[in-house]
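Subject: Structure handover and findings

Dear colleague,

Please find the structure below, followed by an account of what was found in it. I would be grateful if you could read the two side by side.

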Amino acid sequence: MIEPPRIRLAQLPTPVHRLDRLSEDLGLDLWIKRDDLTGLAMGGNKARKLEYIMADLVARRVQAVVTCGAAQSNFVRQLGAACSMLGIECHAVVMNLPHPEGNRPCLDDHDLQLPTGNLLLDEILGVNLIRLPNGTWDELFTAMNGLGDDLRQCGARVEVIPVGGSTGLGAYGFLKAAEEISLQGQFDTVVCPTSSGSTHVGLAYGFRGSSTRVIGVSCDVEPDPLEDVELVSHALASLLFVSPLGRSEFLLLEGFGLPAYGVASVAGSEAATLLARREGIFLDPVYSAKAFAGLLQLAREHRLPGRTVFWHTGGMPTLFA
Ligand SMILES: *Cc1c(COP(=O)(O)O)cnc(C)c1O
């Protein structure tokens, strides 16, 4: 395979360091990979995916992109920043809290969320946000594709970018991240949050055939949480010309996404408080806090022998939403 083109957007390598106090408290050898410090528009995991996604768009002279997500999407923010840098128009269709079909969370969802957190940053970046009332993910995808068609009718070269940047190229960014951390240390277990899937998939391919296992903690509440992972796995495999990892080859810890995608959990809040008070590091409520809660559960069950690294994926702006 020829290496896909890349545009530098992230400050790499991100630091890895040991969490001495928590290691002592929990009887673990616990480290953290600081992708909250990737730099692009306040950091986070999407910067790695965008280095490859944006290079491809530039090579194909794309003029406008359309994506979708939750109003507090970190991907929309980082995509917006990358588009600003490269002179590409950025459109995003968002709902406060999209939900799976037939699984509407019982939440008081007043449809107007104040322009805080990522919404504020999107506005500063000049992202064209189209805000829809809450509905299903399928409704959101339909609206995104519709907007893509409308823009094409006006004659622009438009690309629709799937939620979370979870394409084969997005996952490739995390395959490279696995190479990066391998030069920084040897780990028995990597624990990361999993949602649209390319973080988990890229890391799993990066560590394929090695003694390092990758455990994703699902941050979603979906009928089939491995569906997205499987789709991205096939996309990455065809990019690499290798046989795909099947769903049974991914380790996914479930039960930590509750009460709903995008809504903080008690276990997540406790985990975030613990990391802040023992190590001075913040986690976001939607992804990294829930994933860290999963890690703590694995630790209590003595399922993290050897050296473990927690992949901090960022999401800091959501703390202010
Ligand atoms: C998008 C995101 C994730 C999930 O990564 P996926 O590749 O979509 O599974 C985790 N943490 C943060 C902070 C994110 O923004």
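In what follows, Ala, Val, Leu, Ile, Met, Phe, Trp, Tyr, Cys and Pro count as nonpolar, Asp, Glu, Lys and Arg as charged, and the others, Gly among them, as polar. By these classes, the lining of the largest pocket divides into 16 nonpolar, 17 polar and 10 charged residues. A pocket is here an open set of points, on a 1 Å grid over the protein atoms alone, where a 1.4 Å probe fits, with protein on both sides within 12 Å along at least five of seven lines; lining residues have an atom within 4 Å of a point.

The model is predicted: local features need pLDDT of at least 70 and side-chain atom pairs count only at pLDDT 80 or more, while totals for chains, interfaces and linings use all residues. Residues are numbered from 1 along each chain as its sequence is written, and side-chain values use heavy atoms, with hydrogens and water left out.

The largest pocket holds about 850 Å³ of space (the volume filled by probe spheres set on the grid points, which are joined across faces, edges and corners). Of its 43 lining residues, Phe141, Val163, Ser195, Ser196 and Asp228 are the closest to its centre. With 5 residues, α8 gives the largest share of the lining; helices (H or I, at least four residues) and strands (E, at least two) are DSSP runs numbered from the N terminus.

The ligand takes up the space of this largest pocket (more than half of its atoms lie within 2 Å of the grid points). Around the ligand are 16 residues (each with a heavy atom within 4 Å of it), and Lys46, Lys49, Ser196, Thr199 and Thr313 come nearest. This shell has 2 nonpolar, 11 polar and 3 charged residues. Among the polar contacts (pairs of N or O atoms within 3.5 Å), a side-chain N or O atom of threonine 313 is 2.6 Å from a nitrogen atom of the ligand. A polar side-chain atom of asparagine 45 lies 3.1 Å from a ligand oxygen atom.

Finally, some backbone features deserve mention. Most residues other than glycine have a negative phi, and most peptide bonds are trans. Leucine 12 and proline 13 are joined by a cis peptide bond, with omega about 0°, and leucine 258 and proline 259 by another, with omega about 5°. Methionine 42, not a glycine, has a positive phi of about 80° and lies in the loop between β2 (29-34) and α2.

Yours sincerely

Methods:
Polar contact = N/O pair within 3.5 Å; in protein donor to acceptor, adjacent residues only side chain to side chain.
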